[in-house]
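Me: I would like a close look at one part of this protein, namely the empty space in and around it, and I would be glad of a connected account rather than a list.

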Amino acid sequence: MRAARQAALCGTVLVTLACAPAAPVSTGSTSRLPAPVTFASVPWEGGPSYYSAFDKAAAWTDPSFFPIGVWFESVLAPKDTEIDKAAGINTYFELTANSSLPLVREAGMHALPSGPNAEAGPETVGWTLTDEPDMWAGPGHGTWTGNSPGQGEVCVGGPCGYTVLKSLLDKLPPDGRLRYANFGKGVMFWETDEQARPFVNDYTTAVSADLYWYTDPNICTSPSEGPAIGVPPSQCRVASNYGRTMDRMRSLDQADGELQPIYALIETGHPFTEADSPTITGEQLAGAVFNSLIHEARGIIYFNHNFGGECISQHVLRDACGAAIRPAVTEVNRRITELAPVLNTQSLVHRFSPDLDTMFKRHDGATYIFAMPGQGSAPGAHTLTLPAGLGGEATVLFENRSIPVVNGTLTDTFTAEHSYHVYKITGG
């Protein structure tokens, strides 16, 4: 497990960008980046090459592939995969027990179901160990009864979350597949770093965490949740907190010197039963997704369940309950898929603005800058200071406009806390 992760690990390195002839590109204006310009690289697990250590995840080594998943869906008929593919979904993270892996395979999609499963084939790139054991079993090596929440006593002799993961891991064959688990408020809020790190580091080769900042009725007010990490209610329901989730997971993951992909979970509707729980909007969802990407999410997973609100559903992206959110999800997924070759490169270090969350990429002779308001930053006009030598114009992708680079800076307007822009400057 550790050896497989270590084999794909890339740490902080220095990247020198020479002034070589740029490859042909279809958009943006040409500018010249003087050579050499050296940037530090953001630590990563290796991007697509990470998956080369897992025989059954070979399809994920393609730089044009980016995992876009849905959580705990069912696949019972071809129409299920047809609808999901039309929304831009390519992966199922966890599946209901009655789902058909052959149908997933026939659709050319991927899955990480609970395992083992005799139907598993090339579509099954990994196994899901479990969901939120940090919350329902707690940090410890107590005896696990085998029960899940609601089935009776879970742990004997103290918290048993580590035992749960070890027990489930031991049931799986050494079959070249990823081992994935999702965590929650235990790892994010309730546990010390020392208690949280084993969950993230000792049992998995890919992880995620779910904090639904836009819709959780408690996260903004509970003294053990958002306020506990310094998030005031006025800055709670904002896209930048989804990046905060990614940062927390990355800080835990890197503690052992071995990195793995960290995926982001984003709600698609109304996942809480409380009457005062909000419903996420399409613009908020898009902001949450892109802030997660800016903070180095290696995949996006949608929570596809409404447990409250006016429309209860376990299939929000398929049925009438998702009519309002589905167009936004589909468009965001289209953009992610288009940007996949860029997202699958190692990010570079540059401070564009103290008030913006940003990500800096170089791909195929072009510079890409992802930007949106950071924590505590107000919407409005913001100026980005570019690396030396970049000039000309920046094409604003997906917005049919360009912005001039003036004296090494780029100024643009972010109309809301969830607004994001992706800039492309060709050449260098």
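Which helix and which strand each supply at least two residues of the lining of the largest pocket?

Reply: Please keep in mind that this is a predicted model, and that what follows is computed from it. The elements you ask about are helix 8 (240-253) and strand 13 (356-363), each of which supplies at least two residues of the lining of the largest pocket. Of the contributors, strand 13 gives the most, with five residues. The pocket itself holds about 370 Å³ of space, and its lining comprises 19 residues, of which Ile-294, His-350, Asp-357, Thr-358 and Met-359 lie nearest the centre. Sorted by class, that lining has nine nonpolar, five polar and five charged residues.

The pocket can be set beside the enclosed spaces. Rolling a probe the size of a water molecule over the atoms shows where empty space is left. In this model there are three cavities of 30 Å³ or more, and the largest cavity contains about 130 Å³ of space. Around the largest cavity stand Pro-43, Trp-44 and Glu-45, then Arg-250, Asp-253 and Gln-254, followed by Leu-259, Gln-260, Pro-261 and Ile-262, and lastly Glu-296 and Arg-298. Those lining residues divide into five nonpolar, two polar and five charged.

The second largest cavity has a volume of about 70 Å³, and its lining includes Glu-45 and Arg-298, both of which are also found in the lining of the largest cavity. The other residues that line the second largest cavity are Gly-47, Pro-48, Tyr-51, Trp-60, Phe-65, Phe-66, Pro-67 and Asn-344. By class, the lining of this second largest cavity divides into six nonpolar, two polar and two charged residues.

Turning from empty space to packing, the axes of helix 5 (residues 161-170) and helix 7 (residues 193-201) come within 10 Å and cross at roughly 10°, which means that helix 5 is roughly parallel to helix 7. In that contact, Gly-161, Tyr-162 and Leu-165 of helix 5 meet Glu-194, Gln-195, Pro-198 and Phe-199 of helix 7. Taken by class, the contact of helix 5 with helix 7 has four nonpolar, two polar and one charged residues.

Note on methods:
Residues numbered from 1 in each chain as written. Predicted model: local features only at pLDDT ≥ 70, side-chain atom pairs only at ≥ 80, totals over all residues. Heavy atoms only, no water. 1 Å grid on protein atoms, 1.4 Å probe; cavity = no way out; pocket = protein on both sides within 12 Å on 5 of 7 lines; lining within 4 Å. Points joined across faces, edges and corners; volume = space filled by probe spheres on them. Nonpolar A, V, L, I, M, F, W, Y, C, P; charged D, E, K, R; others polar. Axes fitted to C-alpha atoms, helices over the stretch in contact; angles between N-to-C directions. Helix = DSSP H or I, 4+ residues; strand = E, 2+ residues; numbered from the N terminus. Parallel < 35°, antiparallel > 145°, perpendicular 65-115°, else oblique. Contact = heavy atoms within 4.5 Å.
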